[in-house]
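Thanks for sending this one over. Here are my notes, in numbered points, for you to read alongside the model.

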Amino acid sequence: MVPKGRLPVRGPSRRSSSSTLIFSILIICLFFVLILLALGILSIPRTSNTFPGAHDLSSIVQRTTESVRSDRSYSDRWTEVISWEPRAVIYHNFLLSKSEDECEHLITLAKPHMEKSTVVDSVTGKNKDSRVRTSSGTFLARGQDKTVESIEKRIADFTFLPVDHGEGFQVLHYEVGQKYEPHYDYFRDEYNTKNGGQRMATVLMYLSDVEEGGETVFPEAKGNISAVPWWNELSDCAKKGLSVKPKKGDALLFWSMTPDATVDPSSLHGGCPVIKGNKWSSTKWIRVNPYYT
Ligand SMILES: O=C(O)CCC(=O)C(=O)O
């Protein structure tokens with residue numbers, strides 16, 4: 001019992017010792033969180049407005065610089081998202097060029113069989129000759145040899161789409177003045193979708209550099225097309241859209257369908273006329289379902 005007229009002695013000291021305890025626990029927790037942050041086990045979430053907008057093509061410069069800086073060697077493989085509408089990404093140095101030259105290998109396989117390229121008639125679904133596409137080309141068999149098989153496996157890893165959804169490579173050759181006018185890779189006829197369903201994505205591999213022209217252009221891509229770092233190097237044709245300059249060994253992946261599996265009209269694309277030099281490329285079209293060869 002507390003004696004009359006005296007203040008209790010133990011109350012405030014108990015309160016002060018419990019607040020000291022809480023304060024110490026907080027300090028220990030804070031210290032613990034700081035250690036986790038320093039070790040990279042925890043991270044502070046970034047707000048969405050720190051990321052560039054989906055159509056902000058000027059961010060390509062920043063990402064390029066970051067990639068180069070963080071790579072040990074410039075010749076390493078690295079990816080560069082160039083557009084969200086259509087979804088498109090460049091995989092730099094996708095094909096081997098040192099111990100084995102995969103570009104030369106594909107060209108050597110294709111050369112003896114090159115024929116004038118055709119286009120698909122959207123009414124009949126049959127191949128026809130056209131002024132829209134003036135290159136020459138040929139198809140290689142899927143898994144034709146070990147090198148082809150290894151590139152196809154790499155494409156499957158890169159796209160997350162199985163090897164058996166892919167058509168055989170089409171190797172293309174464009175000489176000066178040759179081009180492929182803007183078109184869709186998806187079909188608008190029923191005949192061509194019987195085997196494998198719709199074309200979902202395309203991987204376009206550049207097998208050679210091109211001195212001038214020959215860019216792949218996306219005239220319906222959304223965004224400020226002139227913000228790309230390589231704008232001043234583009235031909236007039238390429239300046240009509242978002243363009244990629246062919247570079248030997250690089251691969252361009254773009255999607256002809258949106259994530260909700262409807263066809264994407266912003267995937268309209270073409271090959272600009274070659275102005276100087278030669279262009280060799282190889283296309284892999286990937287279907288929604290397995291494609292039987
Ligand atoms: O050669 C290019 O840049 C475009 C080729 C193309 O459009 C295609 O093969 O579908």
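1. Let me start with a small question: which residue stands opposite Ile286 in strand 16? The partner is Ala201. This pair belongs to the antiparallel pairing of strand 9 (residues 199–206) with strand 16, which runs over seven bridges. Further along, Leu204 is set opposite Thr283 in strand 16.

2. Before going on, please keep in mind that this is a predicted model. The average pLDDT of the chain is 88, and 84% of the residues reach at least 70. Two stretches deserve some caution. Residues 1–7 stay under 50 in pLDDT, and the model gives them one contact beyond four places in sequence. Residues 67–74 are also below 50, with five contacts beyond near neighbours in sequence.

3. Now the sheet. It is an open one of eight strands, ordered 1-2-13-9-16-7-6-3, with antiparallel pairing. Strand 1 (78–84) and strand 3 (115–116) are at the edges with a single partner strand each, so one side of each has no neighbour in the sheet. As a reminder, strands of a sheet pair through backbone hydrogen bonds, either parallel or antiparallel.

4. Strand 16 also has a partner in strand 7 (residues 170–174): the two pair in the antiparallel sense over five bridges. Here Val171 faces Ser282 of strand 16 as its opposite residue. Why can strand 16 be called largely enclosed by the rest of the structure? Because seven of its nine residues are buried.

5. The ligand site should interest you most as a chemist. The residues around the ligand are Leu172, Tyr180, Asp185, Leu204, Thr216, His269, Gly271, Ser281 and Thr283. Strand 14 (269–271) and strand 16 (279–287) each contribute at least two residues to this shell. Sorted by class, the shell has three nonpolar, five polar and one charged residues. Note that Leu204 and Thr283, both listed around the ligand, are the opposite pair from point 1.

6. Lastly, helix 3 (residues 102–110). Its buried residues are Glu102, Cys103, Leu106 and Ala110. They span an arc of only 110° around the axis, which means that they lie on the same side of helix 3. Among the elements covering these buried residues are strand 6 (136–139), helix 4 (146–159), strand 7 and strand 16. Strand 16 thus appears in three settings here: in the sheet order, in the shell around the ligand, and in the cover over helix 3.

How values were computed:
Residues are numbered from 1 along each chain as its sequence is written. This is a predicted model: local features need pLDDT of at least 70, side-chain atom pairs count only at pLDDT 80 or more; totals for chains, interfaces and linings use all residues. A residue is near a molecule or strand if its C-beta atom, placed from the backbone, lies within 6 Å of it. Helices (H or I, at least four residues) and strands (E, at least two) are DSSP runs, numbered from the N terminus. Ala, Val, Leu, Ile, Met, Phe, Trp, Tyr, Cys and Pro count as nonpolar, Asp, Glu, Lys and Arg as charged, and the others, Gly among them, as polar. A residue is buried if 20 or more other C-beta atoms lie within 10 Å of its own, exposed if 12 or fewer, and partly exposed in between; C-beta atoms are placed from the backbone. Two strands pair if DSSP finds at least two bridges between them. pLDDT is the predictor's confidence in each residue, from 0 to 100. Two residues are in contact if their C-beta atoms, placed from the backbone, lie within 7 Å. The arc is that of the directions from the helix axis to the C-beta atoms.
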